[in-house]
Amino acid sequence: MDVKTAVLNGELDEAIFMEIPEGIAVQTNKAARGYERPLACGLRKSIYGLKQAPRAWYSRIYTFFQEHNFIGSDHNHSLFINYEQQIILLLYVEDVVVAAPTRALVDRIRDKLHHEFQKTDLGPLQTFLGLEMERNRPQRTLHLSQRKYVHKILSLHGMELCNPVLTPADPHVRLEKAHEGREVNPEYWRQYQSAVGSLMYAMLGSRVDIAYAVSKVSQYSSNPDSTHWTAVKRIFRYRAGTPNRGLCYGLYGEGIGFTNADWGSGDDLKSIGGYAFLFTGAAVSWTSKKQSTVALSSTEAECIALTQVVKESIWLQGILRDLGAIRHLEEIKNIDVDNQGAIALARNPEFPTRTKHIDIQYHFVRQYVENKQITLFYCPTADMTADIFTKALPYPAFLKHTMGLGLLDHSAFILTETIGPDLDHTRTYNCYIN
């Protein structure tokens, strides 16, 4: 649902005055010293352009949710849950997404919202913030993609007819900073930043496979050169070859986390760390980011990356508790690591003299391991799905980890074969077209 002129519903807590808009004839007050002073408007409700307006609107709808027994999540302030009726509301400015066990409950909360606010009912969820969602109810799957957005940004940057490639980053090319003192063409600089920004939104939404490549090119936004622009165009070329690829939830698999770090791979010798959490067969949270400190060994780089994935796991566990999905908590506690030293440090502080400057970080992890809020497992490097977030990979490894993250083409289909006298006895095959 879309609330019309949402900001205008906000109630103001303080007295605010504004100048009368141009074109409106008003009287004036004569001040004590003889000169005329124009009248001002006293605002009763918030308006667009007022810096307090978003907060006022949120307070207004938050009060409405509370009146109807919805409780706001402590881990996501846009999430509201009615535990009695098992209704979930997700709010993004004026857009409201409703999920409930039955259509009758959805209609009930929709009618209450309509009684309180002017809104547009957009029907079953198909698009949200540029994300396209397609449900397969018989197979209980949800496919999340950004096909229209992909076509839009390819056309915007003149790459709709480019030749596609198999991977978003070339494993044989190492990007470096441009020479200092070189003057940057303002038009070229703006074009580069616009392209990186559009790719970053796709990466945050559903295209987990371009996370490392986008993170890498974004580090050169202040002073790009032709090699950096070539790297950006390669990401577009990869996107052009995989426009229908998206996350597919519900096909297979249990929840698990992966973390990895590529030691000293940055220009300034800082490591690249990344992680991903899978839930119902596809990634629900991921990142690829340069670490803030220089690690002295691969073990230290892995420990720093492990700290970030543990914090994300704790947050995801809180979200699951808020949603009442307690039975899935054990899945989010499991984290795969491909460094035996990092696991040993997290379980038992060994070699303290070699890791003094990361004491706080690995003590933080060890505390959660001891409390059994996190469980660490060793994963061979060849099977480490998070490897896709730390370096450019050759196509076979890249494809393997992409599939492991639940990122499939929209052309993937499911074939069901009846093997019994009725439809309750079936054999299901997951078939993917590349």
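The second largest pocket holds about 440 Å³ of space. Of the 22 residues that line this pocket, Ala169, Asp170, Val173, Arg174 and Leu175 are the closest to its centre. Helices also contribute. H5 and helix H6 (226–241) each supply at least two residues of the lining. H6 gives the most, with six residues. The model is predicted, and the values that follow should be read in that light.

Next come the enclosed spaces. A search of the whole structure finds two cavities of 30 Å³ or more. The largest cavity has a volume of about 60 Å³. Its lining draws on separate stretches of the sequence: Pro168 and Ala169, then Asp209, Tyr212 and Ala213, then Ile388, Lys391, Ala392, Leu393 and Phe398. Ala169 appears in this list, and Ala169 is also one of the residues closest to the centre of the second largest pocket. Tyr212 and Ala213 line the largest cavity; both numbers fall within helix H5 (residues 211–218).

Now step back to the whole chain. The protein chain has 434 residues, and 43% of them count as buried. Its secondary structure comes to eleven helices and 22 strands. The accessible surface is about 24000 Å², and carbon and sulfur atoms hold 53% of that area. Which share of the contacts with a separation of 6 or more comes from residues 24 or more positions apart? The share is 67%.

The strands can be taken sheet by sheet. Strands of a sheet pair through backbone hydrogen bonds, either parallel or antiparallel. One open sheet has five strands in the order S17-S16-S15-S18-S19, and its pairing is mixed. Strand S17 (282–290) and strand S19 (375–378) stand at the edges. Each has a single partner strand, so one side of each is left without a neighbour in the sheet. From one strand to the next, the twist averages 20 degrees.

Inside this sheet, strand S15 (residues 256–262) and strand S16 (residues 272–279) run antiparallel. Seven bridges join them. One pairing can be followed by residue: Asn260 has Gly274 in S16 as its bridge partner. Helix H5 packs on the sheet and touches S16 and S17. The direction of H5 makes about 25 degrees with that of S17. H5 thus serves as a link in this tour, as it also supplies at least two residues to the lining of the second largest pocket.

Stay with S15 for one more residue. Thr259 lies in this strand. Is Thr259 buried or exposed? Thr259 is buried, with a relative accessible area of 0%. Its contacts, leaving out residues up to four places away in sequence, include Gly274 and Tyr275. Both numbers fall within S16 (residues 272–279). Thr259 also touches Glu302, Ala305, Leu306 and Val309. Further along the sequence, Thr259 meets Ile335, Asp336 and Val337, and then Met384 and Ala386.

A second open sheet also has five strands, in the order S11-S12-S13-S14-S20. Here the pairing is antiparallel. S11 and strand S20 (407–409) stand at the edges. Each pairs with a single partner strand, so one side of each lacks a neighbour in the sheet.

Two hairpins build one end of that order. Strand S11 (residues 127–128) and strand S12 (residues 131–136) run antiparallel, joined by two bridges. Phe128 stands opposite Leu131 in S12. Two residues lie between the strands of this hairpin, and Leu129 takes a positive phi near 55 degrees. S12 then pairs with strand S13 (residues 141–145), again antiparallel, through five bridges. Glu132 stands opposite Ser145 in S13. The hairpin of S12 and S13 has four residues between its strands. In its turn, Arg140 has a positive phi of about 60 degrees.

One last residue shows how far apart in sequence two positions can be while being 8.9 Å apart in space. Gly72 sits in strand S6 (residues 71–72). Its relative accessible area is 23%, so Gly72 counts as partly exposed. Leaving out residues up to four places away in sequence, Gly72 touches Leu79 and Phe80. Asp322 is 250 residues away from Gly72 in sequence, yet the C-alpha atoms are 8.9 Å apart.

Notes. Residues are numbered from 1 along each chain as its sequence is written. This is a predicted model: local features need pLDDT of at least 70, side-chain atom pairs count only at pLDDT 80 or more; totals for chains, interfaces and linings use all residues. Side-chain values use heavy atoms; hydrogens and water are left out. Buried means under 20% relative accessible area, exposed over 50%, partly exposed in between (1.4 Å probe, protein chains only). Contact means heavy atoms within 4.5 Å. Accessible areas come from the Shrake-Rupley method with a 1.4 Å probe; for residues, only the protein chains shown count as cover. Two strands pair if DSSP finds at least two bridges between them. Axes are lines fitted to C-alpha atoms, for helices over the stretch in contact, and angles run from 0 to 180 degrees between N-to-C directions. On a 1 Å grid over the protein atoms alone, a cavity is a set of points where a 1.4 Å probe fits but cannot get out, and a pocket is an open set with protein on both sides within 12 Å along at least five of seven lines; lining residues have an atom within 4 Å of a point. Grid points are joined across faces, edges and corners, and a volume is the space filled by probe spheres set on the points.
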